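Let's take a walk through this model together, beginning with how its strands pair and ending at the ligand. Keep the structure open beside you as you read.

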Amino acid sequence: MKEKEIKREKDNEKGVAKEQEMSEYNTLNCEEIRENLNTKYIGREILFFDKIDSTNTKAKEFSNMGKNQGTIIIADEQTKGRGRLGKSWSSPKGEGIWMSIILKPEIEPKEATKLTQIAAAAVWEGLNKIGIETKIKWPNDIVLNGKKVCGILTEMSGEQNKLKYIIVGIGINVNTDSSKFPEEILNSATSLKVETGKRIKRETLIAMILNSFENLYEEFIKKDSVETVMKICKEKSALIGKEVIVMMKDQQKEVKAIDINEDGELLVKDREGNITKIISGEVSVRGLYGYV
Ligand code: BT5
């Protein structure tokens, strides 16, 4: 423990970390995130935890305590990272980005699903800015070389027609080695490091994503438009044009994904040529022969 602390101090003096030292686990440096932010309110307050059950759970607590819109909860490790519908999200220590954004928009609850699309477009843009070309798998995954590198979990609280807050949780496998993935996701999950062969600085990527997020979120709130978001989600879609399986609670259907409409719904065509809208939430989409 002591040895590690001394090493980190030396790195800071030099301003750079040597390749060999970089391969160790480095805790997130929130100051470095802030230095790269050009936002007005997203990420202006960052609450960092070494280890936490789930950043989304913590973000809900903080929202209830009155924390401002734009506050970020971020952790080096999650012990109970969550996906949708009670699924778990593997969040090993120091290798990924596990963060949640507190939002308090004045929108109708049914509009909240658009936040997942906004986050997906922001993650896509952030990764694109650091030279990594990904695809967006509607509604909440980012895919690199056919495997899941990021998942988004949007949760909200409110009464009837009044939203109290929305939490957008973003999980990205950044420097994770395959050996850290649980057996059951080995075939479908990957990390930026596994695919690019390089370690990526989490601080820079977080700032890029938050910068993009604020721009796209502002367009939605101020102009009531998700035009840029949907353009990215459509152009970079991992599904459009493909035969997919839509999995609902008690049935599954083979269809062709044909488009994403301006409300962020997936349009699919069945064998008989009928076109239907799929609303995110209770559905998962899979490729015919695997994850995509
Ligand atoms: C998601 O759900 O993909 C949303 C994941 C959101 C995680 C973030 S991290 C910060 C914040 N705090 C939280 O507690 N959560 C959010 P879903 O589409 O339901 O996918 C879940 C499925 O992805 C699991 O059932 C596994 O099959 C797979 N999976 C689990 N961990 C993974 C990982 N690290 N990388 C890729 N796939 C994973």
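## Strands, a helix and a ligand

Strands S2 and S3 are joined by 4 bridges and run antiparallel. Please keep in mind that this is a predicted model. One pairing to look up on screen is isoleucine 72, whose bridge partner in S3 is isoleucine 101. S3 also pairs with S7, again in the antiparallel sense, over 8 bridges. There you can find isoleucine 102 standing opposite isoleucine 167 of S7.

How much of S3 is buried? The strand is mostly covered, with 8 of its 8 residues buried. Gly96, Trp98, Ser100 and Ile102 point one way from S3, while Ile97, Met99, Ile101 and Leu103 point the other way, and all of them are buried.

Now zoom out to the whole sheet. It is an open sheet of 7 strands with mixed pairing, in the order S1-S2-S3-S7-S6-S5-S4. Its edge strands are S1 (46-52) and S4 (135-137), each of which pairs on one side only. On average, neighbouring strands of the sheet are turned by 20° against each other, direction ignored.

Helix H4, made of residues 55-64, packs on this sheet. The helix touches S1, S2 (72-78), S3 (96-103), S6 (147-159) and S7 (162-173). Its direction makes about 150° with that of S7.

What does edge strand S4 pair with? Its partner is S5 (residues 141-144), and 3 bridges join the two antiparallel strands. Within this pair, lysine 135 has valine 143 of S5 as its bridge partner.

Finally, let's visit the ligand. It is surrounded by 27 residues, and the closest are Ser54, Arg82, Arg84, Lys148 and Asn173. The table gathers some polar contacts between the ligand and the protein backbone.

| Residue (polar backbone atom) | Ligand atom | Distance |
|---|---|---|
| Arginine 82 | Oxygen | 2.7 Å |
| Arginine 84 | Oxygen | 2.8 Å |
| Serine 90 | Nitrogen | 2.9 Å |

How much of the ligand does the protein bury? Taken alone, the ligand exposes 800 Å², and the protein buries 92% of that.

If you would like a short tour to repeat on screen, start at S3 with its 8 buried residues, follow the 8 bridges across to S7, and then look for helix H4 packing on the sheet. From there, turn to the ligand and find Arg82 and Arg84 among its closest residues.

Methods
Residues are numbered from 1 along each chain as its sequence is written. This is a predicted model: local features need pLDDT of at least 70, side-chain atom pairs count only at pLDDT 80 or more; totals for chains, interfaces and linings use all residues. Side-chain values use heavy atoms; hydrogens and water are left out. Two strands pair if DSSP finds at least two bridges between them. Axes are lines fitted to C-alpha atoms, for helices over the stretch in contact, and angles run from 0 to 180 degrees between N-to-C directions. Contact means heavy atoms within 4.5 Å. A residue is near a molecule or strand if one of its heavy atoms lies within 4 Å of it. A polar contact is a pair of N or O atoms within 3.5 Å; within protein, one must be able to donate a hydrogen and the other to accept it, and residues adjacent in sequence count only if both atoms are side-chain atoms. Accessible areas come from the Shrake-Rupley method with a 1.4 Å probe; for residues, only the protein chains shown count as cover. Buried means under 20% relative accessible area, exposed over 50%, partly exposed in between (1.4 Å probe, protein chains only).
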